[in-house]
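Trainee: Could you walk me through reading pockets, cavities and odd backbone spots in a model?

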Amino acid sequence: MVVESAEVLRDFPDAATLRRDFPALTQSVHGHPLAYLDNAATTQKPEAVIRAEGEYYRRDNANVHRGVHTLSERATAEFEAARAAVARFIGAAEADEIVFTRGTTEAINLAANAWGGANLGAGDEILITELEHHSNIVPWQLIAARSGAKLVVAPIDEDGNVPLEDFSERLNSRTRIAAFGHVSNALGSVNPVAEMTRLAHAAGALVLVDGAQAVGHLPVDVGGIDCDFYAFSGHKMYATMGIGGLYIRAGIAADMPPWQGGGEMIRSVSFENTLYAEPPHRFEAGTPNVAGAVGLKAAIAYLDNLGMARLAAGEDETLEYALEQLRSVQGLNLVGRPAERVGAISFTIDGIHPHDLGTLLDHAGVAIRTGHHCAQPVMEHYHIPATARASLGLYSTTGEIDQLVAALNEARKVFSP
Ligand code: PMP
């Protein structure tokens, strides 16, 4: 759905070839080849990322920005090179617009606390949508409770889209920030983020986009979206856990106070008057995950080499195949029919609780996720407690989909022999 063209995919390695770059994918589970369809939770890591982090620890490990010795200088150079790589990858104008965090959750908490803490007050409104992951709900609830601001929610329709007129209707002169996902982890819906940003800006609000489910699947261009904040996690784009970031548009960060205090984030400290470092360091208190940043840079190099547009087109073909095959399973209900979808497919099967389904599938070597996917309001919208979710990565094959569908049909036999 994103890019449709055989031309785009000419010479693109097929998923079966790409799998060879990912050591974890070669294993068997319960005697079956692993079909890893839980990529929305986390992606597997290519050898290039694992090697880059290993080499960093074998050769360059030191603390950053502190030492004048060679290893510290090397570690600092690698850390800052990773920042520049991230900036370029997501279309930021400057490397200093990227703050490293543990991931999306920490990035949104940073924005809510540092920006929200200084800019929100009683009577102000924060607009989110019904589609959000808990990470883009709870930090705003916390800052709303502290500041007296009000959380306003734009609804989704039956298909799992955010209707723009409903979103628009909830914007007004009191809206200080609109925070919404780029791609829903529960349904795979792709939001028209550039259009939503334009609407929010026209109302005078800033915009935060939760890009956790987008960065590994789509070409992301924060300049094109024109958002003010963009949050993402490295582990959902083939890097390791514990590294991610927050893009903060130049000019906005300069007026934001720190949200955590400690080393690295200061210019000078005295008991009378502590001066803070300039962004992005102002928001990076303490020793950062340098190895994670090095791995993230390697993941970006891996993705750049494939080309995000081509990767998206390849994944889209597999996604269409998966939707078609899943529709053939009797008693299977797809949850949500987003106008544009990336990565994830949620479903239920009549008469089988999603958790039982997850266990049965695991015994067939198929890893999917079951539960509310940290998006309980979405479950509530559909009046269900949980779904089963299959989610794809760049290495997902039609063979894995076939394995999933065969396992679903077997599971149905267990429950209705
Ligand atoms: N937002 C979305 C849409 C997500 O899918 C996730 C992870 N499931 C998060 C935020 C939180 O990401 P992390 O746990 O890496 O901080």
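Mentor: We'll go from the pocket to the ligand, then the cavities, then the backbone. Keep in mind that this is a predicted model.

Trainee: How much space lies in the largest pocket, and which residues lie nearest its centre?

Mentor: A pocket is open, whereas a cavity is a place where a 1.4 Å probe fits but cannot get out. Here the largest pocket holds about 600 Å³ of space. Its lining counts 32 residues, and Thr105, His133, Ser135, His235 and Lys236 are the ones nearest the centre. Helix H5 (104-119) and strand E16 (369-371) are the elements that give two or more residues to that lining.

Trainee: Which domains does the lining of the largest pocket draw on?

Mentor: Domain 1 (15-45 + 307-415) and domain 2 (49-304) each supply at least three residues to it. By class, the pocket lining splits into 18 polar, seven charged and seven nonpolar residues.

Trainee: Now the ligand. Which residues surround it?

Mentor: Go through the neighbours, then look for polar atom pairs. Around the ligand you'll find Thr104, Thr105, His133, Ser135, Asn185, Asp210, Ala212, Gln213, Ser233, His235 and Lys236. Thr105, His133, Ser135, His235 and Lys236, the residues nearest the pocket centre, are among these neighbours.

Trainee: And how far is an oxygen atom of the ligand from the side chains of Gln213 and Ser233?

Mentor: For Gln213, a side-chain N or O atom sits 2.6 Å from a ligand oxygen. For Ser233, the distance from a side-chain N or O atom to a ligand oxygen is 2.7 Å. His235 also has a polar side-chain atom 2.7 Å from an oxygen of the ligand. As for burial, the ligand alone exposes 400 Å², and the protein buries 84% of that.

Trainee: On to the closed spaces. How many cavities of 30 Å³ or more does a search of the whole structure find?

Mentor: Three. The largest cavity has about 70 Å³ of space. It is lined by 10 residues, with Ala312, Glu315, Asp316, Val342 and Gly343 nearest its centre. That lining has five nonpolar, three charged and two polar residues.

Trainee: What lines the second largest cavity?

Mentor: Its volume is about 40 Å³, and the lining consists of Val64, His65, Phe79, Glu264, His281, Glu284, Gly286 and Pro288. Sorted by class, that makes three nonpolar, three polar and two charged residues.

Trainee: Last topic, the backbone. What should I scan for?

Mentor: Most peptide bonds are trans, and most residues other than glycine have a negative phi, so look for exceptions to either pattern. One case is the cis peptide bond joining Pro279 and Pro280, with omega at about 5°. Pro280 belongs to the loop between strand E12 (275-276) and helix H10 (290-306).

Trainee: What is the phi of His30, and where is that residue found?

Mentor: His30 isn't a glycine, yet its phi is positive, about 50°. You'll find His30 in the loop between strand E1 (28-29) and strand E2 (32-33).

Technical notes: Residues are numbered from 1 along each chain as its sequence is written. This is a predicted model: local features need pLDDT of at least 70, side-chain atom pairs count only at pLDDT 80 or more; totals for chains, interfaces and linings use all residues. Side-chain values use heavy atoms; hydrogens and water are left out. On a 1 Å grid over the protein atoms alone, a cavity is a set of points where a 1.4 Å probe fits but cannot get out, and a pocket is an open set with protein on both sides within 12 Å along at least five of seven lines; lining residues have an atom within 4 Å of a point. Grid points are joined across faces, edges and corners, and a volume is the space filled by probe spheres set on the points. Helices (H or I, at least four residues) and strands (E, at least two) are DSSP runs, numbered from the N terminus. Ala, Val, Leu, Ile, Met, Phe, Trp, Tyr, Cys and Pro count as nonpolar, Asp, Glu, Lys and Arg as charged, and the others, Gly among them, as polar. Domain bounds come from an automatic or database domain assignment. A residue is near a molecule or strand if one of its heavy atoms lies within 4 Å of it. A polar contact is a pair of N or O atoms within 3.5 Å; within protein, one must be able to donate a hydrogen and the other to accept it, and residues adjacent in sequence count only if both atoms are side-chain atoms. Accessible areas come from the Shrake-Rupley method with a 1.4 Å probe; for residues, only the protein chains shown count as cover.
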